[in-house]
Amino acid sequence: MRTFSPHPPLQHWNPFKRRREAIAAATCLTEALVDHLNVGVAQAYMNQRKLDHEVKTLQVQAAQFAKQTGQWIGMVENFNQALKEIGDVENWARSIELDMRTIATALEYVYKGQLQSAPS
C-alpha cells in the first residue's frame, strides 16, 4: 500500500520549468498581440498617407479652381463694362441723331422760308 504524501515528487513539479514555460507562453502571446496591433497600425498609417495625398491633391485643385474662377469673374466684369460702353455709345448716337434731325428740320424751315420770300 502506498502512503499519501501531501507534496508531489520533485520530478513532476519543477517550478523553474513551469516558470520558463509560462514566460515562453507569455512571450508568444505578447508577440501575437503586437503583430496583430502592428497590422492595424500599418493599415492606419497607409490610410493616413492616402488621405494626406488626397488632401494635397484637393488643395491644388481648389487653388486652380479659385484662380480660374477669378479669371471668369474678370471676364464677366469686362463684358459688363463693354456692354455699358455700348449702351453709352448708343445713347450718344441717339443724341447726335436727334440733334442732326433738329438741325435738318431747322435748315429745311429756313430754306422753305427763303423760297417763299424770294421774288418771282
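A nonpolar patch on the surface is formed by Val89, Trp92, Ile96, Met100, Ile103 and Leu107. Taken together, these six side chains' residues offer about 640 Å² of accessible area. The model is a predicted one, and the values below are best read with that in mind. Within the patch, Trp92 invites a closer look: the residue belongs to helix 1, which covers residues 15-117. Trp92 has a relative accessible area of 57% and is therefore classed as exposed, since the cut-off for that class is over 50%.

The wider setting is easily described. The secondary structure consists of 1 helix and 0 strands. Of the 120 residues in the protein, 0% are buried; in other words, the share of residues under 20% relative accessible area comes to 0%. The exposed surface of the protein amounts to about 11800 Å², and 64% of that area is supplied by carbon and sulfur atoms.

Turning to charged side chains, the search of the whole structure returned 3 salt bridges. One of them pairs Glu90 with Arg94, with 3.3 Å between the closest N and O atoms. Glu90 and Arg94 are 4 residues apart in helix 1, so about one helical turn separates them. Glu90 itself is partly exposed, because its relative accessibility of 40% falls between the limits for buried and exposed residues.

Another salt bridge joins Arg101 to Glu97, and here the closest N and O atoms are 2.7 Å apart. Both residues, Arg101 and Glu97, sit in helix 1 with a spacing of 4 residues, about one turn of the helix. The two partners fall into separate accessibility classes: Arg101 counts as exposed at 53%, whereas Glu97 is partly exposed at 39%.

A further salt bridge links Lys112 and Glu108, whose closest N and O atoms lie 3.4 Å from each other. Lys112 and Glu108 are also placed in helix 1, and being 4 residues apart, they are separated by about one helical turn. Lys112 has a relative accessible area of 47% and is partly exposed. Glu108, with a relative accessibility of 46%, likewise counts as partly exposed.

Side by side, these results place a nonpolar surface patch that includes Trp92 and salt bridges such as Glu90 with Arg94 in one picture. Trp92 lies in helix 1, and helix 1 also holds the pairs Arg101 and Glu97 and Lys112 and Glu108.

Definitions and conventions: Residues numbered from 1 in each chain as written. Predicted model: local features only at pLDDT ≥ 70, side-chain atom pairs only at ≥ 80, totals over all residues. Heavy atoms only, no water. Patch = residues over 30% accessible without salt bridge, like charges linked within 9 Å, V, L, I, M, F, W, Y side chains within 5 Å. Areas by Shrake-Rupley, 256 points an atom, 1.4 Å probe, with all protein chains shown as cover. Salt bridge = Lys/Arg side-chain N within 4 Å of Asp/Glu carboxyl O. Helix = DSSP H or I, 4+ residues; strand = E, 2+ residues; numbered from the N terminus. Buried < 20%, exposed > 50% of the residue type's maximum accessible area, 1.4 Å probe, protein only.
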